[in-house]
Amino acid sequence: CPPDWLVLQVPARALLEGDTVTLRCRGWRDNKVTGVSFYHEGQELGLLPDGTELSLSPLELHHSGRYRCKGRLGWWEWKESAPVTVTVQGEHPTAAT
């Protein structure tokens, strides 16, 4: 199957309200990615001309949801990452019963 040309990396740890989290858009085999935009639930969060990272700080519950990034590999090819789900937990998550 074809490689995932773009991968949106999210920290694997639990994400709590008030934390800072950085989402990183990386190219396959670390190919250079330019013109990266990030999307949350399909809504564009803004174009980052030089950056490949999106910092969410402080985290809030409404930051939960599906994120993806889109960017250009090389000079021409626009690619889109697979969606990644971010789940923000309240500061005191209740124990599951």
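Is Glu77 buried, exposed or partly exposed? Select Glu77 and take a look: it is partly exposed, with a relative accessible area of 33%. Keep in mind throughout this tour that you are looking at a predicted model.

**The whole chain**

Zoom out and switch to a cartoon view. You'll find 10 strands and zero helices, so to speak a pattern of β-β-β-β-β-β-β-β-β-β when read along the sequence. Now turn on the surface. About 6,400 Å² is exposed, and carbon and sulfur atoms supply 51% of that area. Of the 97 residues in the protein, 27% are buried. If your viewer can draw contacts, try this: among those between residues at least 6 apart in sequence, 56% join residues at least 24 apart.

**A three-stranded sheet**

Next, select S1, S3 and S6. These strands form an open sheet with the order S1-S3-S6 and antiparallel pairing. S1 and S6 (53–56) are the edge strands, and each of them pairs on one side only. Look along the sheet for its twist, which averages 15° from one strand to the next.

Stay with S3 and S6 for a moment. Their antiparallel pairing runs over four bridges. To see residues facing each other, pick Val21, which stands opposite Leu56 in S6.

**Two tryptophans**

Now show the side chains of Trp5 and Trp28. The structure holds one aromatic pair, and here are its rings: the centres of Trp5 and Trp28 are 5.0 Å apart and the planes sit at 75°, so the pair is edge-to-face. Follow the chain away from each ring and you'll see that the pair links distant parts, 23 residues apart. Trp5 is in the segment before strand S1 (6–9), while Trp28 is in the loop between strand S3 (21–27) and strand S4 (33–40). How much of each can you see from outside? Trp5 is partly exposed at 32% relative accessibility, and Trp28 is also partly exposed, at 29%.

**Charged pairs**

Time to colour by charge. Side chains of opposite charge can pair when their charged atoms come close. In this model the count comes to six salt bridges, and three of them are stops on this tour.

Start with Asp30 and Arg26, whose side chains meet in a salt bridge with N to O at 2.5 Å. Asp30 counts as exposed because its relative accessibility is 54%, and the cut-off for exposed is over 50%. Arg26 is partly exposed, with a relative accessible area of 31%.

Move on to Lys70 and Glu80. Their side chains form a salt bridge too, at 3.3 Å from N to O. Lys70 lies in strand S7 (residues 65–73) and Glu80 in strand S8 (residues 77–80), so this pair ties together parts that are 10 residues apart in sequence. Lys70 is partly exposed, with a relative accessible area of 26%; Glu80 is partly exposed as well, at 40% relative accessibility. Add Arg68 to your selection here: salt bridges that share partners join Arg68, Lys70 and Glu80 into one network.

For the last stop, go back to Glu77, where you began. Which residue does Glu77 form a salt bridge with? Show Lys79 beside it: the closest N and O atoms of Lys79 and Glu77 are 3.5 Å apart.

Notes:
Residues numbered from 1 in each chain as written. Predicted model: local features only at pLDDT ≥ 70, side-chain atom pairs only at ≥ 80, totals over all residues. Heavy atoms only, no water. Salt bridge = Lys/Arg side-chain N within 4 Å of Asp/Glu carboxyl O. Buried < 20%, exposed > 50% of the residue type's maximum accessible area, 1.4 Å probe, protein only. Contact = heavy atoms within 4.5 Å. Areas by Shrake-Rupley, 256 points an atom, 1.4 Å probe, with all protein chains shown as cover. Phe/Tyr/Trp six-rings, centres within 6.5 Å; stacked < 30°, edge-to-face > 60°. Pairing = 2+ DSSP bridges. Axes fitted to C-alpha atoms, helices over the stretch in contact; angles between N-to-C directions.
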